[in-house]
Every structure is written in C-alpha cells, then in structure tokens.
Amino acid sequence: MYLPDITSHNNSHFQFPLKWVGMEKIALPIKLELAGLNVALNAFADVFVSLDSNAKGIHMSRLYLMLNQMLAQQTLTQHRLAECMNHMLASQQGLSQGAKLVLHFDLPLLKPALLSDNAGYNAYPVVLTITQQAHLTVKLNVTIAYSSTCPCSAALSRQLLSEAVDTHFKEDSIDKHALLGWLASEEGSIATPHSQRSYAYIDATFEREQLPDLSHFIQTCEHAIGTPVQTAVKREDEQAFAALNAENLLFCEDAARRLKACLEAMNGLADYQFKIEHQESLHAHNAVVYEAK
C-alpha cells in the first residue's frame, strides 16, 4: 500500500539548512566493560543528524530503529560507535552530512573502604557525546564528588586548641598521660574545621576518535584531588577519612590546580574544561573555579 512521505518533499518557503535535528531521551539499555565484566546500564540517548538539504525533514523513525538495532543490549566499544554513526548518516539518504549521539547514564564503580574489608558502589553521572562530521570526536562529561576541608578553618581550629591547652595546663611541664586523656575527652573537642561535599564537573575531549576508559579516567581524577567520597564505612574507615582530609586541606583553588595538573599530564586528551564547586557549610553560597585547557 502506498503511503505518502511528505518529508522527502522540498521546503519551498524556507530553504535553510539546520544544524541538528532528531530525538532526545530515548530509553536505551546498553552494556559497558568494567573490570573485565559486561555491566548492564540503563541509558538515555539523544540522536541527531544535520539537515543539509531542502527537504522538509529527516527520517526520524530510521534513526530510532537503527539505534535499537545497533546499540540496545550491546557492549559499547569504539568500533561499534563508529559503525553506528556511519549508519545514522546512511539512513538519511543524502540529507545529512553530520551525526551526533549523546548517551546519558550513571556509571556504577565498586569502591573499597579505606581500611576495613568492606566495599560499596558509587554512581557517577556520565554523558558521552559522539559526533561525526569531518571526523569522529568523543567528548566525556562526568561529575565527581569529593570532600574538602577548609585550610583556613583548620588553622583557626588548631589555634583554639593550642590556646585551650595553654589555659588548661598551667605548668611549664605537662604530664603526657594527662594531656592525652584531656585531648581524648569531650573537653578536648575545642573546634572543628568546616568541610563540605564538593564536586568536579569535567568536560574532556579525546584524541584519535578514542573511547576513553571511564573507570580509569574517574579514578585518576579522584586520586589527584585526594579526598573522594566513600561508600561502605566502619568506624576505622571514618577515622581514616578524617585523617585523609587533614592531609589534604583544600580551597577550591587547590582542588582546581590538582585537577588541572592531572588533566595536563593525561595521554590522549585533546581538550578539557571543568568547574570546581565547594558547597560550603560555613556560607550559604558556594566557592567555585572555572578552568579550561
């Protein structure tokens, strides 16, 4: 039975090309190889092609069906993505010269505790943008949460503790056991440096059409900052985390410089930009840094 296809007709009124035309938030189950295992992920896909002819529109249903045929329940690889982009362009019968695929998903990574034998999963919001025009480009957007303790607040807290010791212990010679007992008591809790949950929002573009190792990229950035948020925590892990924060006192500028040094040293990275955000517990506003390559 003949069915009219109005999208193939020329647009006689407004003959302008359009940058991106397509669909957003398509439910798409995919798989990703993590630590040698294929992990199933629930993703949402945005799929677009350019409209470079005078046709009224693109063939959206072809994009939708092709997306399900080529990526649904499939392991995400560099080869498969490149093949998918080529099929997207071929499906439009000369209407398009560019294609773009955006995948949104949470990446679950197993994180061991600092000291105990426990572990838990942390979910990292990830957006992968794959664009095919003159050549294929891969861009990663990821959000990494970490803890930051204010260096100024830590210094002020240490000063109050020093003054309290001087007030409590009048003699020039201090009994070691008395001092340790006082420090371990509630009376020894003189001041607490303020700390906050903080975030690094990273956009990274990779060279040579490279699909990055997401787990390695995230863990490298976390290691550079030094104080990633934890999952399973027992008392010994919480104490170790407090010590880790004391060893890594961070203004937002400190975290930004650590992350910049990490990204500058990273192989295969063509471009980057990021935002550091410390959601302060002292102020009602946030401290932020924006940086780019």
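Colleague: How many positive and negative side chains does the protein chain have, and how far apart do the centres of the two sets lie?

Modeller: Keep in mind that this is a predicted model. The protein chain carries 21 positive side chains and 31 negative ones. The centres of these two sets are 8 Å apart.

Colleague: What secondary structure does the protein chain have?

Modeller: There are 7 helices and 8 strands. The radius of gyration is 26 Å, well over the 19 Å from the globule rule for 293 residues, so the chain is more spread out than a compact globule. The box tells you the dimensions: along the principal axes, the C-alpha atoms fill roughly 100 × 40 × 35 Å.

Colleague: How much of the chain is buried, and what supplies the exposed area?

Modeller: Of the 293 residues, 42% count as buried. The chain exposes about 16,800 Å². Carbon and sulfur atoms supply 52% of that area.

Colleague: Among contacts between residues at least 6 apart in sequence, what percentage join residues at least 24 apart?

Modeller: The figure is 68%.

Colleague: Now the inside. Which residues have the most contacts within the largest nonpolar core?

Modeller: That core has 68 residues. Those with the most contacts inside it are Phe105, Leu107, Leu128, Ile202, Phe217, Leu263 and Ile276. The largest share of the core, 7 residues, comes from strand β1, residues 18-34.

Colleague: Take Ile202. What does Ile202 touch, beyond residues up to four places away in sequence?

Modeller: Among its partners are Leu140, Asn141, Val142 and Ile144. Phe217 and Leu263 are also on the list for Ile202, and both are named with Ile202 among the residues with the most contacts in the core.

Colleague: Let's turn to backbone angles. What sign does phi have in most residues other than glycine?

Modeller: Negative, for most of them. Here, Lys25 is a case with a positive value, with phi near 60°. Lys25 lies in strand β1. Its relative accessible area is 68%; exposed means over 50%, so Lys25 is exposed.

Colleague: Where is Gln73, and what is its phi?

Modeller: Gln73 sits in the loop between α1 (60-70) and α2 (78-90). Its phi is also positive, near 65°. With a relative accessible area of 47%, Gln73 is partly exposed.

Colleague: Next, single residues in strands. Is Thr143 buried or exposed?

Modeller: Buried means under 20% relative accessible area, and Thr143 has 16%, so Thr143 is buried. Thr143 belongs to strand β5, residues 136-149. Leaving aside neighbours within four places in sequence, Thr143 is in contact with Tyr124, Pro125, Tyr199, Ala200 and Tyr201.

Colleague: Which residues does Gln132 touch, again not counting those up to four places away?

Modeller: Gln132 touches Met85, Asn86, Leu89, Gln97, Gly98 and Ala99. Gln132 is found in strand β4, residues 119-132. Gln132 is buried, at 13% relative accessible area. Leu89 is 43 residues away along the chain, yet the C-alpha atoms of Gln132 and Leu89 are separated by 8.8 Å.

Colleague: What separates the C-alpha atoms of Ser157 and Ala45?

Modeller: They are 49 Å apart in space and 112 residues apart along the chain. Ser157 lies in helix α3, residues 151-168. Ser157 is buried, with a relative accessible area of 9%. Its contacts, not counting residues up to four places away, are Ala191, Thr192 and Pro193.

How values were computed. Residues are numbered from 1 along each chain as its sequence is written. This is a predicted model: local features need pLDDT of at least 70, side-chain atom pairs count only at pLDDT 80 or more; totals for chains, interfaces and linings use all residues. Side-chain values use heavy atoms; hydrogens and water are left out. A nonpolar core is a set of buried Ala, Val, Leu, Ile, Met, Phe, Trp, Tyr and Cys residues joined through side-chain atoms within 4.5 Å. Buried means under 20% relative accessible area, exposed over 50%, partly exposed in between (1.4 Å probe, protein chains only). Helices (H or I, at least four residues) and strands (E, at least two) are DSSP runs, numbered from the N terminus. Contact means heavy atoms within 4.5 Å. The radius of gyration is taken over C-alpha atoms; the globule rule is 2.2 Å times the number of residues to the power 0.38. Accessible areas come from the Shrake-Rupley method with a 1.4 Å probe; for residues, only the protein chains shown count as cover. Lys and Arg count as positive and Asp and Glu as negative; His and the chain ends are not counted. The place of a charge is taken as NZ of Lys, CZ of Arg, CG of Asp or CD of Glu.
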